[in-house]
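Please look through the structure shown here, paying attention to charged side chains and to the helices that carry them.

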Amino acid sequence: MVISAWHKPSNFLQTSNWLCSFFFYQKEKNGSGDGEEVNDNPIEQVRLTVPITDDPTQSALTFRTWVLGITACVLLSFANQFFGYRQNQLSVTSISAQIVTLPLGKLMAATLPNKKIHVPLTKWSFSLNPGPFTLKEHVLITIFANCGGGTPYAVSIVTIVMAFYKRKLNAVAAMLLVQTTQLVGYGWAGIFRKILVESPYMWWPSNLIQVSLFRTLHDEEKRERGQLTRLQFFSIAFVSSFAYYTLPSYLFPSLSAISFVCWIWKHSVTAQQIGSGRNGLGIGSFGLDWSTIAGFLGTPLANPFHTIANIMVGFFIVVYIITPGLYWTNTYDAKKFPILTSHTFDSTGQTYNVTRILDPLSFDINLQEYNNYSKLYLSVLFATVYGLSFANLTATVSHVALFHGKTMMRLVSKAKDNLDDVHARIMKKNYERVPEWWFATVLVVSVGLSFLAVEGFNRQLQLPWWGLLMACAIALFFTLPIGIIQASTNVQMGLNVITELIIGYIYPGRPLANVAFKTYGYISMAQALTFLADFKLGHYMKIPPKSMFIVQLVGTVVSSTTCFSTAWFLLTSVKNICRPELLPEGSPWACPGDDVFYNASIIWGVIGPRRMFSTLGVYGAMNWFFLIGFLLPFPHWILARKYPEKKWIQFLNVPVILSATSMLPPARPVHYISWAIVGVIFNYYVYRKYKSWWARHTYVLSASLDAGVAFMAILLFFSLQTFNIYGPVWWGVDSGDHCDLASCPTAPGVHAEGCPAI
């Protein structure tokens, strides 16, 4: 939920959005929800959604599961990593695979021969077609796809070393780093699965929308006269998205960000700072490109209106009140730097020369050179977002305690009683539990390989063995409390700020040690919770636990390998990747997310928090945000208790508002504005006026738009862009927004290339 976690939307926002969408759907479907209880699960939402029946004879881990699951995992991993390096990122979610693989599975069931295949040199055999395509197969395929639905955090370490720091990195060490950071969390999951999965009071609300969607997809669908089936609608929308994306990705990239203000005032720095959607405040800016709309914040079609409203309230306050106020009062010498950028600067307003203060041999900070050079400065918006990340960390704690504290304590107390609900009884009766030694083996092997990654290969990652153990200890300590919060409230607190602070104070001056520590400490915990959430989905859908474990483990390894291979291929084949100033006109390989990650490594690793956020640095006042964030939920809680009938007060969410701009940068105002416009149209106007259409087609439309953009982008890359063909040479091929002056400093005496002297 903070800026260094750039490559995926906040888990809190994502799961909150799914849950709110689910509540809207269930309210329409079930009315008030009152009636005879047919399920002895203690959570009402679970009783309303999860079926209490099971057919243990249904096929689960079949040939079809392996083929479709691994294919979906590879394609999604490749697409998401591929798009991660482009100017407009795009996250292709597992919902695309969930929808597409259903007809493919049924097609395989209808066409494949029913014959057994014997595995050579073993007693194993399997059938190519064990019968009708089942719901359990579909769930496991979706779990495979979930593994490819995001990109490994550690790939960004590989990128900044090779593309930004311009240093060599051993491929084996890099691969071990990527794999182990994804796998260590499985050990923590095994330790805590009894309380976080098997207890009925740990209900993981975000899974309920998935359960509802599975049931909807597997209900028999009859095409009514004058209507389309979901598959027909998906096909039409996919083809349309696929064809249209040739415009913003090849023929007319300027459609991605249209900033009319800059077209009118071509020579005004102030006007372009106000109107630029990419490098300014974005007033009047919008994009006609799905990757602009959904690239950084995820699809707006899955967000309920009040969540969009919370995010845009936070966006408006930060971008249109705080940032202009600080910039035009020249707070922190803000006018020396661009108003919006993730880059770092020295006291003269020039890009910070990191190589000047880094020892080329040890790759550590040279304090003498640093003291002779300059403190590190940030753009005013970037500094503000860092302060808000501090506030959000403490606000999440106080918000959860105030609004969910009593409920959580009651649930935890009951969870410790090891009470079984109907789902746990069915699972115990019909399926074998995963042996503890499976988790222990993965933990021991992954930790052992982690030691090899950090201590071997000439210690290229800089992190000593004790740092690895400390990172693992932090992840282990926080997995249970954060897991309890997420399992009952949908809030996942990120550990990236905490881990950066800890290692930044203990082991300063070493950028790779900082990012490696952060990755092992934060992502292993996040991976454990992802594994547990998927295991709970399997618990609800009555999937054999051993099959779930195998699919999760194999999917993680396949996804990590695919993402690493994709990244390595692009980093070694695309000339000047991640260097926009050296790329050909129209080239999309700007790496906006990795640019933020790189600058974070400078801030927290090279300079360190002591020289940034204390009296030794420029931004010591940012520490007040910790206190401000902690206090902000209190007035909201008081108002919510005093005026329970005021719906708008109940819908306010302080952590969501504070984290609204956590993606700024690499996201830009044009992404927020375009995302909000589409979200309001569909989840306010269409939802209210055409609710039946919304319920039937919204998620399908989102998946088809994602898939169409992804396939066209990949086709263009391998057919044209690989050969440095980026479209016709004309005004519209510029992938920016024609607001070149928006990045200019406005302080007297500070000169930047292409900017007027002031």
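K194 is partly exposed, with a relative accessible area of 41%, where buried means under 20% relative accessible area, exposed over 50% and partly exposed in between, for a 1.4 Å probe and protein chains only. This is a predicted model, in which local features need pLDDT of at least 70 and side-chain atom pairs count only at pLDDT 80 or more, while totals for chains, interfaces and linings use all residues. Residues are numbered from 1 along each chain as its sequence is written, and side-chain values use heavy atoms, with hydrogens and water left out.

The side chain of K194 meets that of E198 in a salt bridge of 3.5 Å, N to O, the term standing for a side-chain nitrogen of Lys or Arg within 4 Å of a carboxyl oxygen of Asp or Glu. E198 is buried, at a relative accessible area of 18%. The two residues lie 4 apart in helix α8 (residues 185–198), and so are separated by about one helical turn; helices here are DSSP runs of H or I with at least four residues, numbered from the N terminus.

A salt bridge also links the side chains of R433 and E436, at 3.2 Å, N to O; R433 is partly exposed at 39%, and E436 is partly exposed at 44% relative accessibility. The structure holds 13 salt bridges, and one of them joins R579 and E581 at 3.0 Å, N to O. Through shared partners, salt bridges connect R193, K194, E198, R433 and E436 into one network.
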